Amino acid sequence: MHNPQRIVILTGAGISAESGVPTFRGPDGLWEGRRVEDVATPQAFARSPADVQRFYDLRRAALATVAPNAAHVALAKLQAARPGAVLIVTQNVDDLHERGGASDVVHMHGELLRALCLACGSSSAWHGDLGGAPVCPSCAETGRLRPDIVWFGEMPYQMARIEAAIARCDTFVSIGTSGNVYPAAGFVDLARRAGAHTLEINLEPSLGASNFDEVRHGRAGTLVPVWVDALLAAL
Ligand code: APR
């Protein structure tokens, strides 16, 4: 194993599956029997805000019932051992990386525990329901808050920072993502062009598995701590 200096780790729903957070496209996934267009688009929110708010209010409430697993904790341990060398880019809107102890986390698809005001544009920490027309903590407008989640058709957050980090990395690791959704599914190609070593850790081959130098298939809660410990032992 080479001695990586700059690591970018992309995570998806699979890293939180063992914590009890449903994935999107697996059996019992969030999109099972539900149309993305009905809950995860700006058009859906315009059409039926109450339905969309309820969908995210239920997910936000469920977040309080789950805890980080060994994969989240292992990545935080790696970050602590290599300050400034490990960036976690997550597609997940849960806060399990942070609760696992991670510091440098980019939520490219937003966060369940934040609300976005359509009146003043501010994003605020939010733990309760958004259904029922709450007041914006910044501008005091009523009923203009939506989940601070990047919906289909919207631009992911911090893309310039993510692309710059991948262009400079020497190791790119993708954990628990199916490779269905761009731009995240294209990050491995960016990393390859940067000459980075690329590794996929996933329960099964993702759609982009053949683009990786190395693949390890199995549960993140088992494989990620093994990968981290081997990396730290090699330092
Ligand atoms: N360990 C490792 N991988 C797992 C585990 C596990 N315990 N359980 C499931 N997986 C894998 C599945 O095999 C699948 O390939 O995690 C992947 C989850 O894929 P998706 O459900 O498609 O989730 P994700 O790739 O994160 O979705 C991307 O799509 O719906 C949008 O915005 C949403 O961020 C999301 C994006």
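What radius of gyration would a compact globule of 235 residues have, and what does the protein have? The rule for a compact globule gives a value near 18 Å, and the protein has 18 Å, which agrees. Keep in mind that you're looking at a predicted model.

**Stop 1: the whole chain**

Start with everything shown as a cartoon. The C-alpha trace spans about 55 × 35 × 35 Å along its principal axes, and you can pick out nine helices and nine strands. Now switch on a surface: the protein exposes about 10,700 Å², and carbon and sulfur atoms supply 54% of that. Buried residues make up 50% of the 235 residues. If you like contact maps, take the contacts between residues at least 6 apart in sequence: 64% of them join residues at least 24 apart.

**Stop 2: the sheet**

Hide the helices for a moment. Six strands form an open sheet in the order 3-2-1-7-8-9, with parallel pairing. At the edges sit strand 3 (105-107) and strand 9 (214-217), each of which pairs on one side only. Look along the sheet and you'll see that neighbouring strands are turned by 15° against each other on average, direction ignored.

Next, select strand 1, residues 7-11. Is strand 1 enclosed or open to the outside? Five of its five residues are buried, so strand 1 is largely enclosed by the rest of the structure. A bit of background for the next view: in a regular strand the side chains alternate between the two faces of the sheet. Show the side chains here, and Ile7, Ile9 and Thr11 point one way while Val8 and Leu10 point the other way, all of them buried.

Now add the neighbours of strand 1. Strand 2 runs parallel to strand 1 and is joined to it by five bridges; label Leu10 and you'll find it opposite Val89 in strand 2. Strand 7 also runs parallel to strand 1, again joined by five bridges, and here Ile7 stands opposite Thr171. Hop one strand further from Thr171: this residue stands opposite His197 in strand 8. Strand 7 (residues 171-175) and strand 8 (residues 197-202) pair in the parallel sense over five bridges.

**Stop 3: helices on the sheet**

Bring the helices back, beginning with helix 9 (residues 220-233). Helix 9 packs on the sheet and touches strand 1, strand 7, strand 8 and strand 9, and its direction makes about 150° with that of strand 8. Then select helix 7 (residues 159-168), which lies across strand 1, strand 2, strand 3 and strand 7 and runs at about 135° to strand 2.

**Stop 4: helix 5**

Select residues 70-81. Put a distance between the end C-alpha atoms of helix 5: they are 16 Å apart, which agrees with the 16 Å its 12 residues should span at 1.5 Å a residue. Colour Ala71, His72, Ala74, Leu75, Ala76, Leu78 and Gln79, the buried residues of this helix. They pack against strand 1, helix 1 (14-17), strand 2, helix 6, strand 7 and helix 9.

Also in helix 5 is Val73, which counts as partly exposed at 43% relative accessibility. Draw a C-alpha to C-alpha line from Val73 to Pro225: the two are 152 residues apart in sequence and 8.2 Å apart in space.

**Stop 5: helix 4 and Asp95**

Go to residues 49-63. The 15 residues of helix 4 should span 21 Å at 1.5 Å a residue, and its end C-alpha atoms are 21 Å apart, which agrees. Its buried residues include Phe55, Tyr56, Arg59, Arg60 and Leu63. What do the buried residues of helix 4 pack against? The partners are helix 2 (36-39), helix 3 (42-47), helix 6 (96-99), strand 4 (110-117) and strand 6 (145-149).

From Leu63, step across to Asp95, which touches both Leu63 and Leu113, leaving aside residues up to four places away in sequence. Asp95 is found in the loop between strand 2 and helix 6. Is Asp95 buried or exposed? With a relative accessible area of 17%, Asp95 is buried, because the cut-off is under 20%.

**Last stop: Arg146**

Finish in strand 6 with Arg146. This arginine is buried, with a relative accessible area of 7%. Show everything around it: beyond residues up to four places away in sequence, Arg146 touches Phe45, Gln53, Ala115, Leu116, Leu118, Leu130, Trp151 and Glu154. One of these takes you back to helix 4, where Gln53 is among the buried residues.

Terms used:
Residues numbered from 1 in each chain as written. Predicted model: local features only at pLDDT ≥ 70, side-chain atom pairs only at ≥ 80, totals over all residues. Heavy atoms only, no water. Pairing = 2+ DSSP bridges. Helix = DSSP H or I, 4+ residues; strand = E, 2+ residues; numbered from the N terminus. Axes fitted to C-alpha atoms, helices over the stretch in contact; angles between N-to-C directions. Contact = heavy atoms within 4.5 Å. Expected span 1.5 Å × (residues − 1). Buried < 20%, exposed > 50% of the residue type's maximum accessible area, 1.4 Å probe, protein only. Rg over C-alpha atoms; globule rule 2.2 N^0.38 Å. Areas by Shrake-Rupley, 256 points an atom, 1.4 Å probe, with all protein chains shown as cover.
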